[in-house]
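Trainee: I should like to study this structure together with you, step by step. May we begin when it is displayed?

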Amino acid sequence: MNKKLVARRFNHSVSTYQQYASVQKEMAARLVANLPPGQRIGRILEVGCGTGYLTGLLAGHYQSAEIIAVDIAEKMVAEARKLNDCPRIRFLVGDAEANEVLQQVGPVDLIISNATIQWLAFPELTVSRWHHLLKPEGWFIASTFGSHTFRELRKAFAVTESNHHLPPSRHALSMKTKQEWQQILTAGGFHVRKLDEQLRPFVYENCRTFLRSIKATGANYSESGHSLTKERKLLQDMMRIYDQMFKTDGGVVATYHLLYLYGWKGEGSGRKW
Ligand SMILES: C[S@@+](CC[C@H](N)C(=O)[O-])C[C@H]1O[C@@H](n2cnc3c(N)ncnc32)[C@H](O)[C@@H]1O
């Protein structure tokens, strides 16, 4: 994972992010609707706050909590500051995986993250650092994209590459399975209290519109190894194939595989959900 590239992509998408981030907003709303009941939450670390959509919802939900919202992309943080004028929110530009940043944050009752942890470079190490940062009985709650996300796109690329007699290559960020996240949380010291998943189909006018919306939310990270010229030709053919293969009423379909993780830092199975 090239973090400079990740930050650059998100900085670049700052003016379009809010308009195109429908899936991310839906995920944020579901996170807030399913927060653990009956616990006093005094301090919160939000990982990857972006333009601050979840940050605002959290400030409304926990009306006396202090929120430290961290993001690696400075333009996203500037936008979040502009959109969330609340004295209880402290915004920080930084890498939420880094010890120096976590030391600045200090102990918290809740670590929460929406649509971000798929960007972690060292998920195992980072999750155990977050476990360490949490106070006893604290929660780590996150939404992310699972391994079936954009399965249509992978299929369309595979068919295109095979038509071009090319070996299959990676064209989207590889996402983890539900089981992989479960293992990462458990190895990090958490009791996994809940792990929900949802296949959420979205309809776009065509493949080009779909790709444009991914770009507008900064998520156009590719690990493919083809040259740019080859890439352009492949992309054109792939879009044509996608439009044929995944046609549906009103356009083409693209599936988001949404995961919701709930890890608890407590003793045994003491706390009931
Ligand atoms: C898809 S956006 C989600 C933003 C926000 N949580 C939302 O729901 O709208 C992912 C965000 O994570 C940030 N990010 C990625 N890796 C990060 C890291 N290691 N530390 C902090 N932020 C990171 C990106 O800059 C981007 O703003």
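**The ligand and its surroundings**

Mentor: By class, the shell around the ligand holds 10 nonpolar, five polar and three charged residues. Please keep in mind that this is a predicted model.

Trainee: How many residues surround the ligand, and which are the closest?

Mentor: A residue is counted here if one of its heavy atoms lies within 4 Å of the ligand. On that basis 18 residues surround the ligand, and the closest are Tyr17, Gly48, Asp71, Asp95 and Asn114.

Trainee: Which residue has a polar backbone atom 2.7 Å from a nitrogen atom of the ligand?

Mentor: A polar contact requires a pair of N or O atoms within 3.5 Å. A polar side-chain atom of Asp95 lies 2.9 Å from a nitrogen atom of the ligand, and an N or O atom in the side chain of Thr116 is 3.4 Å from an oxygen atom of the ligand. The backbone atom at 2.7 Å from a ligand nitrogen belongs to Gly48.

Trainee: What percentage of the area that the ligand exposes when taken alone is buried by the protein?

Mentor: The ligand, taken alone, exposes 600 Å². Of that area, the protein buries 98%.

Trainee: Which element gives the largest share of the shell around the ligand?

Mentor: The element in question covers residues 3-12 and contributes three residues to the shell. It is helix 1.

**One residue of helix 1**

Trainee: Is Asn11 buried or exposed?

Mentor: Asn11 is found in helix 1. A residue counts as buried under 20% relative accessible area. The relative accessibility of Asn11 is 11%, so Asn11 is buried.

Trainee: With which residues is Asn11 in contact, leaving aside its neighbours within four places in sequence?

Mentor: Contact means that heavy atoms lie within 4.5 Å. With those sequence neighbours left aside, the partners of Asn11 are Ala73, Glu74, Lys75 and Met76.

**The chain as a whole**

Trainee: How many helices and strands does the chain have, and what is its radius of gyration?

Mentor: The secondary structure comes to 11 helices and eight strands. For 273 residues the globule rule gives 19 Å, and the value for the chain is close to this, so the chain is as compact as a globular protein of that length. Its radius of gyration is 19 Å.

Trainee: What percentage of the contacts in the chain with a separation of 6 or more is between residues 24 or more positions apart?

Mentor: Of the 273 residues of the chain, 53% count as buried. Among contacts with a separation of 6 or more, the share from residues 24 or more positions apart is 81%.

Key
Residues numbered from 1 in each chain as written. Predicted model: local features only at pLDDT ≥ 70, side-chain atom pairs only at ≥ 80, totals over all residues. Heavy atoms only, no water. Polar contact = N/O pair within 3.5 Å; in protein donor to acceptor, adjacent residues only side chain to side chain. Areas by Shrake-Rupley, 256 points an atom, 1.4 Å probe, with all protein chains shown as cover. Helix = DSSP H or I, 4+ residues; strand = E, 2+ residues; numbered from the N terminus. Nonpolar A, V, L, I, M, F, W, Y, C, P; charged D, E, K, R; others polar. Buried < 20%, exposed > 50% of the residue type's maximum accessible area, 1.4 Å probe, protein only. Rg over C-alpha atoms; globule rule 2.2 N^0.38 Å.
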